[in-house]
Structure formats: structure tokens, C-alpha cells
Amino acid sequence: MTAHAQEAATPPPAAEAAAPAAATPTLEERIADVEAYMNNVARPEKASGATSLVAGPGPGTNAWQMVSTALVLFMTLPGLALFYGGLVRRKNVLSVLAQCLGIACVVTPLWWLCGYSLSFGVDAKSAFIGDFSNMMFKGVEPGNVGAGYYWISDSMWAMFQLTFAIITPALIIGAIAERMKFAAIMAFVVIWMFAVYFPFAHMVWSTVGFMCGPLNPAAGIKAIDFAGGTVVHMTSGWSALVLCLILGKRKGLGKESMAPHSMVLCMVGTGMLWVGWYGFNAGSALGADAIASNAFVTTTLCAATAGLAWALIEWICKGKPSVLGFCSGIVAGLVVITPAAGFVTSTSSVIMGVIAGVVPFLAVAYLKQMLGYDDALDTFGVHGVGGTLGAILTGVFADEKANSVVAGLKNGLIVEQLKAVGLTIVWSVVATAIIAYIVKAVIGLRPSAEVEEAGLDLAEHGEQGYEH
């Protein structure tokens, strides 16, 4: 027989045992998954050991997160850009727009490279800063869930948080508008993100964060911050105060008019900020559920009430309710409700709105004049003071009726909020002072007196906001 014939005659080896078929979820388990999705809670464990047939992002929940992410980006571009742009003089309007654009474009790749990982690194152990486990979005996949919440894509969680990282340093430029070099702003922002923003995003919202009361049982400060009172508004507001003090006053302040060049742009920007803020606050519920609905309601009530309160006080004190007063009050209300939006009831949000219209007004109208600092567009008065006020009032008004997570943290919450406020102020102030003096020593902070007098638009960007 030929070798081929012998091979053919040889009986084949016994077939390997077939691999066991993967377990299939039972009907009850499949129904339980759907119920978990509808209730925006974790998928239950399956006695069968099967993998969920809806293991990826939930379409509706993920869609709301995508819309919320777009809304928060809309807050900066064009909302904040127009709001700030209308408040400066016409010779500096493009400089503000360029700064908002520049910050958005520099923070985004920085977030991809390491910012997200330093804020929410999956293997992070430190209570103060993340790690590099998710550098360049390693492991951040569109079909995965759990990095942010049960039913949203890990990719969308990263993008949602990116938009917060963009607007926070952009808020700072309001305090130093019309008098800081574009290169200095960009350098300051890059360093500030590492020294301030990434650590605070981690401390407040990471599961191992030092100030994350809802998610970290071992948190050193068991504070709550629904959408960024400390992380966004306090860090930017207090940093803005320090930076404007180091930078000095605008040339000609008190001797020439510094009035806004376009209240129309300012009002349009305010409306865009208000609309975008629903992504900021209601989007922070990480699902289109009852908590998101509550945040939507409290955000609306606090903003409108604060706008009314500010305008009424202005009417009483100055004889006329100005459009700027309405705009400032609305933004102050949005700032104050941010850390509390998903934790307080509608009635509490109205009370907070009244306070938000009064206290920041006093800071803007009287405290700034009393202390003599040049907070050009009132970033500190609105975001620093408002953010601090909101963080404290969250401890006062947080209610388990609005959010069950409050029940386990209510005792001593006001003290914990005060601790968080203190840490945020000290960290932001010290870090900003160090960064500002480093940038000043290396490239300088201010343009020449001639450039400042002529306006930053032409000198820094070779363009004018208006040709006629």
C-alpha cells in the first residue's frame, strides 16, 4: 500500500469533545436586565452565569449623554465666548473668542493624552490624583460601560467629562480679559489643568477620591458635588481672583469707559449658557431618569429666581433693572445650583435662587470696589463667590427626598461641605499663584502698554471683530 492509502485506511482520531454551549440568560434574567435599564440601575447578577444580552450602552440613556455632552460644549462655544465677548470693549472682542477657542483646542488632546486618566484612571489608588492606566484612552471603548455609569458608553463618559474640563479654565479668562497675552494664557491653562483641574476632578468624582462622599466610603471629606460647584466654579473663580491680582488692573481703569461693547451678544450668550446648563446639571445624573428631571427643574427655578432677585435689587439700588443685571443674576443662579441640582427639592432651589441673586450682587457691586481688584467680567464675584455659596448651601438643603444618596451622608454634611470649600480655596489660590509667577518669569503675562491701548485683537490675532 502506498503511504497515502495507509493514511486513508487509518481510522481518524476520536473527535474532541464539543465545547459546552455558552449559557443563555433565562427569560426572567432577560426581563430583569430590561427593568434595570428602565430604572437606570446596575444589571442584576444572573444565577445561570450567562452574559447579559444587553451588555453594552443603553440606547436611550446613551443618547441623553450624547445630547448633554453637546450641550456642555455649547456652553463654551459659543455661549461663554459670546457672553464674555459682549462684555469687553470692541477692540478686544476677538481676543476673548480666540481664548475660548484656544482653550477648547488645547484641553481636548491633553484630555486624550493623559488628562482623563489622571482624573478617572481605572487603576488609580491615590485619593488625590489618578494614574496613567487610561493614557491615550487606553481601554476606553464605545461598547464598554461602567467607567461612568451602568448604561452609558465609556467613550461618552470620557467626552462628557472633557466638556467640563474645557469650560472650567475658560471661565478664568473673564477676570483677566483685555490685558493678558494669548501665549501666557495658553501656558497658564496647560499647567493649571495638571495642578488644579485634574486633581479636583479625581478628588470629587472618582470612586477613590478624597472628597467623593457618595462613591468612596473611605473619603477623607465626605462632601457632595452633583455637577461641579467645587471642581468647576470654585477652582476657576478663586484662581481668577488670584490671577487678576497678580496681573494688575487694566490700563485706564477708572479714567476711561470700560463699558460692555455689546449687551446684545452678552444676552445671547447668557441664553446659550442657560440652555447648555441643562447638559451640565441634568446630564450629571448620567441617565434620563427622575434625578435628571429633578436637576432640570431645580436648575430652571434657581436661574430664573436669581435673575429676578438681582434685577430687583439693582432696580432698588440704582433705579433701573439692566439687561446686564438679569444676565449676571441668571448665571449666578446657575452657578449656585450646580453642586446641588440633583440633591435638593424645587422649593429649596427657589430659596437658593434668592440667595444667589443677592450675595453675588453684593460681591460684584460693592466687594470689588471696596477691595479694589480688577475682576474685569466678574468671574470671581459670580463663579468664585457663587460656587462657594452653592457648595455650602448644598449641605444645608440636600434632601433624601430628592436623591436617596443623601440619606447616608446628611449627618454632619454642612461641616463636610465647609471642609471641601476650605481645601478648594487654599489649593486653588496657592497653585494659581505659583503657576502665574512661573509663566510671568518665563514669557511674561501682559502685553506692552501700547498693545493694550490699541486692543488685543489686531496685535495678537491680526484681525478685528468689526470692520466698520
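Modeller: Let's start with a word we'll need all the time: a residue is buried when its relative accessible area is under 20%, exposed when it is over 50%, and partly exposed in between. Keep in mind that the model in front of us is predicted.

Colleague: Fine. What percentage of the residues of the protein count as buried?

Modeller: Of its 468 residues, 54% do. The accessible surface adds up to about 19500 Å², and carbon and sulfur atoms own 68% of that.

Colleague: And the overall build: how many helices and how many strands does the protein have?

Modeller: There are 15 helices and 0 strands. Along the principal axes, the C-alpha atoms fill a box of roughly 110 × 55 × 40 Å. If you take contacts with a separation of 6 or more, 74% of them are between residues 24 or more positions apart.

Colleague: On to pockets. How much space lies in the largest pocket?

Modeller: The general idea is that rolling a probe the size of a water molecule over the atoms shows where empty space is left. In this case the largest pocket holds about 1100 Å³. Its lining counts 46 residues, and those nearest the centre are Gly 148, Tyr 149, Trp 205, Leu 215 and Leu 286. Helices H4 (93-120), H5 (154-172) and H6 (182-205) are the elements that give two or more residues to that lining, and H5 has the largest share, with 5 residues.

Colleague: How do the residues of that lining divide into nonpolar, polar and charged?

Modeller: For the largest pocket you get 28 nonpolar, 14 polar and 4 charged. Now look at the second largest pocket, which has a volume of about 740 Å³. Its lining has 17 nonpolar, 6 polar and 8 charged residues.

Colleague: Which residues lie nearest the centre of the second largest pocket?

Modeller: Leu 324, Val 364, Lys 368, Ala 376 and Asp 378, out of 31 lining residues. At least two residues each come from H3 (59-87), H9 (290-318), H10 (323-337), H11 (346-371) and H12 (379-397). H11 contributes the most, 5 residues.

Colleague: Asp 378 caught my eye. What is its phi?

Modeller: First the background: most residues other than glycine have a negative phi, and most peptide bonds are trans. Asp 378 goes the other way, with a positive phi of about 65°. It sits in the loop between H11 and H12, and since its relative accessibility is 16%, it counts as buried. Met 136 also has a positive phi, near 55°. That one is in the loop between H4 and H5, and it counts as partly exposed because its relative accessibility is 47%.

Colleague: You brought up peptide bonds. Which residues does a cis peptide bond join?

Modeller: Leu 77 and Pro 78, with omega about 15°. Pro 78 belongs to helix H3.

Colleague: Back to the loop between H4 and H5, then. Which residues is Asn 134 in contact with, leaving aside neighbours within four places in sequence?

Modeller: Tyr 116, Ser 117, Phe 120, Gly 121, Val 122 and Val 140. Asn 134 is in that loop too, and at 7% relative accessibility it is buried. For another link to the loop, take Pro 109 in helix H4: its C-alpha atom is 8.9 Å from that of Met 136, with their positions 27 residues apart along the chain.

Colleague: Last topic, aromatics. How many aromatic pairs are there?

Modeller: The count is 23. A pair of aromatic rings is described by the distance of the centres and the angle of the planes. For Tyr 116 and Phe 137 these are 5.8 Å and 75°, an edge-to-face pair. The pair links distant parts of the chain, 21 residues apart: Tyr 116 is in helix H4 and Phe 137 in the loop between H4 and H5. Both are buried.

Colleague: Why is the pair of Phe 194 and Phe 198 edge-to-face?

Modeller: Because planes over 60 degrees apart get that label, and theirs are at 85°, with the centres 5.2 Å apart. They are 4 residues apart in helix H6, so about one helical turn separates them. Phe 194 is partly exposed at 36% relative accessibility, whereas Phe 198 is buried at 1%. Ring pairs join both of these, along with Trp 111, Tyr 116, Phe 120, Phe 137, Trp 157 and Tyr 197, into a cluster.

Methods. Residues numbered from 1 in each chain as written. Predicted model: local features only at pLDDT ≥ 70, side-chain atom pairs only at ≥ 80, totals over all residues. Heavy atoms only, no water. 1 Å grid on protein atoms, 1.4 Å probe; cavity = no way out; pocket = protein on both sides within 12 Å on 5 of 7 lines; lining within 4 Å. Points joined across faces, edges and corners; volume = space filled by probe spheres on them. Nonpolar A, V, L, I, M, F, W, Y, C, P; charged D, E, K, R; others polar. Buried < 20%, exposed > 50% of the residue type's maximum accessible area, 1.4 Å probe, protein only. Contact = heavy atoms within 4.5 Å. Areas by Shrake-Rupley, 256 points an atom, 1.4 Å probe, with all protein chains shown as cover. Phe/Tyr/Trp six-rings, centres within 6.5 Å; stacked < 30°, edge-to-face > 60°.
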